[in-house]
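Got your viewer open? Load the model and follow along, one selection at a time.

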Amino acid sequence: MARQNREISRQDILPMDIYESQRKERRRDLVALKRNRRVEVGPVATWYFENYETMWNQIHEMLYIERGGEAQIADELSAYNPLIPQGRELVATVMFEIDDAERRKRLLGKLGGIELKAFLRVNGEEVTARPEEDVERTTADGKASSVHFLHFDLTDTQATAFKQPGAEVVIGFSHPNYHHMTQISEEVRSALAQDLD
């Protein structure tokens, strides 16, 4: 297996006119890529596993939407490069997706610290999430953010086990107010195995 790209550099950023001309096709390709990188856990949480391609697209979308030009590029690289897996880790953006604002506020108010209660299990061996440290994701009054960025640092043994066809991989939360887990499909396991050296 070829080594995965681990960092987006300034040289990887397309001029916006070129990106715009390719945007429709690239977004279609991204939808196909993400199909096996998205897992629902419980009724309202979705885990989106990131890699070089998802972050490359995210940076280009931010540049396309915000039109900040050259001055914006360094900030986007700084924000999104930490979410690219580095060989023995998986990285997930976890979103609590609740349309009703009042219901969302009530639930998130009960989920303080949930970023410390996320886990990934490989053949029964548990890896606890390491939250991205960009900002606090739980407020002082115990309200959780609706978006979390989680790293799962695997040992060599766990990474090797993860890459084996048929490995049992479970992701979930052990939070008392959101105790849900899901066994990922073989298609998702196979896609995510590409992130591991």
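How do the residues of the lining of the largest pocket divide into nonpolar, polar and charged? The split is 9 nonpolar, 4 polar and 4 charged. Keep in mind as you click around that this is a predicted model.

**Stop 1: the pocket**

Stay with that largest pocket for a moment: about 430 Å³ of space lies in it. It is lined by 17 residues, and you can find its centre by selecting Leu30, Lys34, Thr54, Gln58 and Glu61, the closest of the lining residues to that point. Now colour by element. Two or more lining residues come from each of α1 (16–34), α2 (52–66), β3 and β7. The largest share belongs to α2, which supplies 5 residues.

**Stop 2: two helices**

Keep α2 selected and add helix α3, residues 70–80. The general way to describe two packed helices is by the angle between their axes and the distance between the axes. Here the angle is about 145°, and the axes of α2 and α3 lie 10 Å apart. Turn the view until one helix passes over the other: α2 passes α3 in a right-handed crossing. To see who touches whom, show side chains on Met55, Gln58, Ile59, Met62, Leu63 and Glu66 from α2, then on Gln72, Ile73, Glu76, Leu77 and Tyr80 from α3. Sorted by class, this contact has 7 nonpolar, 2 polar and 2 charged residues. You have met Gln58 already, among the residues closest to the centre of the pocket.

**Stop 3: the five-strand sheet**

Next, pick out the open sheet built from 5 strands, which run in the order β1-β2-β3-β7-β6 with antiparallel pairing. Look to its edges for β1 (38–41) and β6 (130–131), each of which pairs on one side only. Then zoom in on β3 (residues 89–96) and β7 (residues 147–153), two antiparallel strands joined by 7 bridges. Try one of the pairs: methionine 95 has valine 147 in β7 as its bridge partner. Both β3 and β7 also give residues to the pocket lining from the first stop.

**Stop 4: the four-strand sheet**

Which order do the strands of the open sheet of 4 strands have? Reading across, the order is β5-β4-β8-β9, and the pairing is antiparallel. β5 (125–128) and β9 (181–183) are at the edges with a single partner strand each, so one side of each has no neighbour in the sheet. View the sheet end-on for the twist, which averages 20° from one strand to the next. Finish with β8 (residues 169–173), which pairs with β9 in the antiparallel sense over 3 bridges. Select glycine 172 and you'll find methionine 181 of β9 opposite.

Note on methods: Residues are numbered from 1 along each chain as its sequence is written. This is a predicted model: local features need pLDDT of at least 70, side-chain atom pairs count only at pLDDT 80 or more; totals for chains, interfaces and linings use all residues. Side-chain values use heavy atoms; hydrogens and water are left out. Two strands pair if DSSP finds at least two bridges between them. On a 1 Å grid over the protein atoms alone, a cavity is a set of points where a 1.4 Å probe fits but cannot get out, and a pocket is an open set with protein on both sides within 12 Å along at least five of seven lines; lining residues have an atom within 4 Å of a point. Grid points are joined across faces, edges and corners, and a volume is the space filled by probe spheres set on the points. Ala, Val, Leu, Ile, Met, Phe, Trp, Tyr, Cys and Pro count as nonpolar, Asp, Glu, Lys and Arg as charged, and the others, Gly among them, as polar. Axes are lines fitted to C-alpha atoms, for helices over the stretch in contact, and angles run from 0 to 180 degrees between N-to-C directions. A crossing is left-handed if the near helix is turned anticlockwise from the far one by less than a right angle, and right-handed if clockwise. Contact means heavy atoms within 4.5 Å.
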